[in-house]
Amino acid sequence: MKITEHIANANGKTLFSFELLPPVKGSGIQGIFNSIEPLMEFKPPFIDVTSSREDLVYKEKSNGLLERVVYRKRPGTVAVCAAIMNRFKVDAVPHLICGGFTKEETEYALIDLQFLGIDNVLVLRGDARKTDPGFIPTPGGHMYATDLLKQVTDMNNGVYLHEYHDSSHKTNFCIGVAGYPEKHFESPNLNTDFKHLKKKIDDGANFIVTQMFYDNNKYFDFVNRCRENGINVPIIPGLKPLTTAKQLTVLPKIFHIDIPEDLSNAVSGCKNDKEVKEVGIEFMINQCKELVKFGVPVLHFYTMGNPEPTKRIAQAIF
Ligand code: FAD
């Protein structure tokens, strides 16, 4: 079922969902199942599975020379989605990224998804490779999420790449895109970033999932601004409970977000990460209560494969 239908069917009740990463190459699927099982009691109508592009690694050989290895650390997004749907009977939402895939490979993935009965995709540009100074598109791939979005909407209209015949099956994907209440880090300002987001919606995206945030006012301002500008799709808040003191510096560095002073002060006053986890969970329970009061359609958690903090928050909310 489409995410938009899940939300409509909930009649204003806030739903619970979460995101996880495919297993590291060489691991089995059981770890994924183990991280989902504790959260199933909160009846997530959908679970997101991230996607990652290849990275470049330089390995030293026995002769002292460096060997350049190109590899994807966490392959298997489509298969993990299928495994989740098969086992838990919920919708799985694969993240589709521009980086690391040619348009043809993306088309084949979309065809696979359609055959598997996957109705939703989250369309993203994707992160830059760790060794690159910024995002470098894959030759024959897409540069921006809007370009990838167009490929999906084209298929929804029955238009495929290199098409030589008339009758084309129309896919019916419900399409999500990313939104940044605190601005995407490459954007010169919020207005410019907002224009690009608006284009994604005007071009056919059906829902937005936000970057994590810890200050609800930033989400509220973002939603209000969207509504004032005619963006009326569901805006799903992305949430990540803070669990270690190190995250005070790591999260702003990686995700370009602010940690409010009351939270950072509380974390700084903790003796160890056990205490930090308690502070993070308590903070997020309060954050979620306020979001539910605001009427958010879904509380969407970035679990990173660790269900326990999310479970405790969900127990307090649902
Ligand atoms: P875009 O919408 O393409 O925007 C990228 C930047 O370019 C922005 O600054 C935007 O303002 C600007 N821009 C957009 N269109 C244009 C244009 N036409 N001309 C000029 N500038 C433009 N990364 C992964 O690798 N894998 C994942 O699974 C993944 N999941 C995510 C899930 C969520 C909910 C979020 C919020 C992020 C996720 N990311 C993931 C990270 C994301 O890929 C990065 O933040 C990436 O840098 C931007 O992706 P985007 O889709 O927002 O890009």
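# Close-up views of a predicted model

**View A. The contacts of His6.** Beyond four places in sequence, His6 touches Met1, Leu15, Pro45 and Asp91. The model shown here and in the other views is predicted. His6 belongs to helix α1, which spans residues 3-9. Its relative accessible area is 14%. That is under the 20% limit, so His6 counts as buried.

**View B. The barrel of parallel strands.** Eight strands close into a barrel. Their order is β1-β2-β5-β6-β7-β8-β9-β10, and the pairing is parallel. From one strand to the next, the twist averages 25°. Which strand pairs with β1 over five bridges in the parallel sense? Strand β10, residues 298-302, does so with β1, residues 15-20. Within this pair, Ser17 has His300 of β10 as its bridge partner.

**View C. Helix α7 across three strands.** Helix α7 covers residues 216-228. The helix lies across β7 (174-179), β8 (207-212) and β9 (235-239). Relative to β9, α7 runs at about 160°.

**View D. The largest nonpolar core and Phe301.** The largest nonpolar core holds 88 residues. Ile84, Val121, Ile208, Tyr214 and Phe301 touch the most other members. Helix α10, residues 273-294, gives the largest share of this core, with seven residues. What surrounds Phe301, leaving aside neighbours within four places in sequence? Phe16, Ser17, Phe18 and Glu19 are among its contacts. Leu239, Pro241, Met284, Cys288, Thr310 and Ile313 also touch Phe301. Ser17 thus appears in two views: as a contact of Phe301 and as the bridge partner of His300.

**View E. The hairpin of β3 and β4.** Strand β3, residues 55-60, runs antiparallel to strand β4, residues 66-71. Six bridges join the two. One bridge sets Val57 opposite Val69 of β4. How many residues lie between the strands of this hairpin? There are five. Gly64 takes a positive phi near 90° in this hairpin.

**View F. The second largest pocket.** The second largest pocket has about 270 Å³ of space. Its lining counts 17 residues. Which of them lie nearest the centre? They are Ser51, Arg72, Thr77, Val78 and Phe101. Three elements, α3 (77-88), β5 (91-97) and α4 (103-115), each supply at least two lining residues. The largest share of the lining comes from β5, with four residues.

**View G. Lys89, a positive phi in a loop.** Most residues other than glycine have a negative phi. Lys89 is not a glycine, yet its phi is positive, at about 55°. Lys89 sits in the loop between α3 and β5. Is this side of the loop buried or exposed at Lys89? Lys89 has 64% relative accessibility, which is over 50%, so Lys89 counts as exposed.

**View H. Met304, another positive phi.** Met304 is also not a glycine, and its phi is positive, at about 50°. Met304 is found in the loop between β10 and α11, the latter covering residues 307-317. At 44% relative accessibility, Met304 falls between the 20% and 50% limits and therefore counts as partly exposed.

Note on methods. Residues numbered from 1 in each chain as written. Predicted model: local features only at pLDDT ≥ 70, side-chain atom pairs only at ≥ 80, totals over all residues. Heavy atoms only, no water. Buried < 20%, exposed > 50% of the residue type's maximum accessible area, 1.4 Å probe, protein only. Contact = heavy atoms within 4.5 Å. Pairing = 2+ DSSP bridges. Axes fitted to C-alpha atoms, helices over the stretch in contact; angles between N-to-C directions. Core = buried A, V, L, I, M, F, W, Y, C linked by side-chain atoms within 4.5 Å. 1 Å grid on protein atoms, 1.4 Å probe; cavity = no way out; pocket = protein on both sides within 12 Å on 5 of 7 lines; lining within 4 Å. Points joined across faces, edges and corners; volume = space filled by probe spheres on them.
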